[in-house]
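Colleague: I am new to reading structures, so please give me a close look at a single part: the pocket and what surrounds it. Please explain each term as you go.

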Amino acid sequence: MDDTTHGGEASASDAVLKRGDEIGYEAVDAADGLRKGVLIDESDGAPTFAMRRFELAPGAAVPRHTNAVEHEQYVLAGEYVVGIGEEERVVSPGDALLIPAGVEHWYRNESEEPGAFICVVPNGGDAIDLVE
């Protein structure tokens, strides 16, 4: 009997635990002051979603853009502005957002404190288009 699957189902040996100090962060090219760390994705065996953590430095802004895939986000720290469509909203820890695929959105941290959020997206390709 196979140790990793039973009739196509996952087993405990497929589970992954990554410690916080194992996560590498890198700057995001499209926005000064934005860093991304991949928490879990396909490379870890996650079949459906990628979970990432973003950090938005004080004074940082992410330009208006669209993504080919939906985003589910959960605010961890700070208070910052999220623009979605034609509306801007201030978000803070505990807030959750759904940004549908193809909807224009942007971020702006006007505070003195860094912002941080979890972002979950479907695995696979994502086309990001900056809006002029």
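Modeller: Let's start with one pair of residues: V38 has R52 in β5 as its bridge partner. The model is predicted, so local features need pLDDT of at least 70 and side-chain atom pairs count only at pLDDT 80 or more, while totals for chains, interfaces and linings use all residues. Residues are numbered from 1 along each chain as its sequence is written, and side-chain values use heavy atoms, leaving out hydrogens and water.

That first pair belongs to β4 and β5, which pair in the antiparallel sense over six bridges. Strands (E, at least two residues) and helices (H or I, at least four) are DSSP runs, numbered from the N terminus, and two strands pair if DSSP finds at least two bridges between them. By that reading, the chain has 13 strands and zero helices.

Now for the pocket. Rolling a probe the size of a water molecule over the atoms shows where empty space is left. The search uses a 1 Å grid over the protein atoms alone: a cavity is a set of points where a 1.4 Å probe fits but cannot get out, a pocket is an open set with protein on both sides within 12 Å along at least five of seven lines, and lining residues have an atom within 4 Å of a point. The largest pocket comes out at a volume of about 540 Å³, where grid points are joined across faces, edges and corners and the volume is the space filled by probe spheres set on the points.

Which residues lie nearest the centre of the largest pocket? They are K36, R52, F54, N67 and I128, out of 33 lining residues. So R52, the partner of V38, turns up again here. The lining draws at least two residues from each of β3 (25-27), β4 (34-40), β5 (49-56), β6 (61-67), β7 (71-77), β11 (105-108), β12 (115-122) and β13 (128-130). Sorted by class, 18 lining residues are nonpolar, eight polar and seven charged. Here Ala, Val, Leu, Ile, Met, Phe, Trp, Tyr, Cys and Pro count as nonpolar, Asp, Glu, Lys and Arg as charged, and the others, Gly among them, as polar.

Next, let's see how these strands join up. β3 pairs with β4 in the antiparallel sense over three bridges, with A27 facing R35 as its partner in β4. Six residues lie between these two strands in their hairpin, where G33 takes a positive phi near 90 degrees. On its way around, β5 also pairs with β12, antiparallel, over eight bridges. There R52 stands opposite C119. β12 has a further antiparallel partner in β7, through five bridges, and A116 in β12 is the bridge partner of A77.

Is β12 enclosed or open? Six of its eight residues are buried, so β12 is largely enclosed by the rest of the structure; buried means under 20% relative accessible area, exposed over 50%, and partly exposed in between (1.4 Å probe, protein chains only).

I128, one of the residues nearest the pocket centre, lies in β13. I128 is exposed, because its relative accessible area is 54%. Leaving out residues up to four places away in sequence, I128 touches H65, T66 and N67, where contact means heavy atoms within 4.5 Å. I128 is also 98 residues from A30 in sequence, yet their C-alpha atoms are 9.8 Å apart.

T66, in strand β6, gives us a contrast. T66 is buried, because its relative accessible area is 15%. With the same sequence neighbours left out, T66 touches G102, V103, E104, H105, A127, I128, D129 and V131.

β6 leads us on to β11, its antiparallel partner over three bridges, where A61 stands opposite R108. β11 also runs antiparallel to β8 (residues 80-84), joined by four bridges, with V82 opposite Y107. Both V82 and Y107 appear again in the largest nonpolar core: of its 19 residues, L56, Y80, V82 and Y107 touch the most other members. β5, β8, β10 (96-99) and β12 each give two or more residues to this core. A nonpolar core is a set of buried Ala, Val, Leu, Ile, Met, Phe, Trp, Tyr and Cys residues joined through side-chain atoms within 4.5 Å.
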